[in-house]
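This report is an introduction for a reader who is meeting the structure for the first time. It goes from the whole chain to a few chosen residues.

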Amino acid sequence: MTVVVTAVFFPAEGKQQELAQAMQRGIAAVHEEAGCEKYAIHAAEDGTVTMIEKWTSAEDLDAHGAGSVVEILRGDVADLVAKPAVVTRMTPIAAGTPEQGLL
């Protein structure tokens, strides 16, 4: 079953751009991981940086979470965040057309 994740990162004062740049180092590696369908970062109006992820299965997401790329990401952003990220796992609910109603 598909799993969607949001991870909201809270940059230290004035560090949003630097945080986004630091996060990019591991993105290409994550794109190569089994089950990764989406793994993208977005700058939000409130100053946060949100990672939006889509995984083929919870098992693939769990393997990602236990992998070395996540450790690299944590190290790359450690000095750029004001507090820990808020990570939320979600199960898609179909609505409307398959193309538009599911992430």
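## Charges

In what follows, Lys and Arg count as positive and Asp and Glu as negative, while His and the chain ends are not counted. With that convention, the protein chain carries 7 positive and 15 negative charges, and the mean positions of these two groups are 2 Å apart. The model is a predicted one, and the values given here are computed from it.

## Overall fold

The protein chain contains four helices and four strands, and, read from the N terminus, these elements follow one another in the order β-α-β-β-α-α-β-α. The radius of gyration is 14 Å, close to the 13 Å that the globule rule gives for 103 residues, so the protein chain is as compact as a globular protein of that length. Along its principal axes, the C-alpha trace spans about 40 × 30 × 20 Å.

Of the 103 residues in the protein chain, 32% are buried. The accessible surface comes to about 6,300 Å², and carbon and sulfur atoms account for 55% of that surface. Among the contacts with a separation of 6 or more, 69% are between residues that lie 24 or more positions apart in the protein chain.

## The aromatic pair

How many aromatic pairs does the count come to? The count comes to one aromatic pair. The ring centres of Tyr39 and Trp55 are 6.4 Å apart and the ring planes stand at 75°, so the pair is edge-to-face, an arrangement that applies to planes over 60 degrees apart. This pair links distant parts of the chain, since Tyr39 belongs to strand 2 (residues 36–43) and Trp55 to strand 3 (residues 49–55), with their positions 16 residues apart in sequence.

Are the two partners buried or exposed? Tyr39 has a relative accessible area of 7% and is buried, and Trp55, with a relative accessible area of 0%, is buried as well. Leaving aside neighbours within four places in sequence, Tyr39 is in contact with a set of residues that includes Ile27, Val30, Met51, Trp55, His64 and Leu73. Tyr39 and Val70 are 31 residues apart in sequence, and their C-alpha atoms are 12 Å apart in space.

## A buried methionine in helix 1

Met23 has its place in helix 1 (residues 16–31). Because its relative accessibility is 2%, and buried means under 20%, Met23 counts as buried. Not counting residues up to four places away in sequence, Met23 touches Phe9, Ile41, Val49, Met51, Leu73 and Val77. Met23 and Gly75 are 52 residues apart in sequence, with a C-alpha to C-alpha distance of 9.9 Å.

Two residues appear both in this list and among the contacts of Tyr39: Met51 and Leu73 are touched by Met23, and they are also in contact with Tyr39.

## A partly exposed histidine in strand 2

His42 lies in strand 2, where Tyr39 is also found. Whereas Tyr39 is buried, His42 has a relative accessibility of 39% and therefore counts as partly exposed, the class between 20% and 50%.

With residues up to four places away in sequence left out, His42 touches Thr48, Val49, Thr50 and Ile52. Val49 is also one of the residues that Met23 touches, and Ile52 is among the contacts of Tyr39. Along the chain, His42 and Val8 are 34 residues apart, and their C-alpha atoms are separated by 9.5 Å.

How values were computed:
Residues numbered from 1 in each chain as written. Predicted model: local features only at pLDDT ≥ 70, side-chain atom pairs only at ≥ 80, totals over all residues. Heavy atoms only, no water. Helix = DSSP H or I, 4+ residues; strand = E, 2+ residues; numbered from the N terminus. Rg over C-alpha atoms; globule rule 2.2 N^0.38 Å. Buried < 20%, exposed > 50% of the residue type's maximum accessible area, 1.4 Å probe, protein only. Contact = heavy atoms within 4.5 Å. Areas by Shrake-Rupley, 256 points an atom, 1.4 Å probe, with all protein chains shown as cover. Charge placed at Lys NZ, Arg CZ, Asp CG, Glu CD. Phe/Tyr/Trp six-rings, centres within 6.5 Å; stacked < 30°, edge-to-face > 60°.
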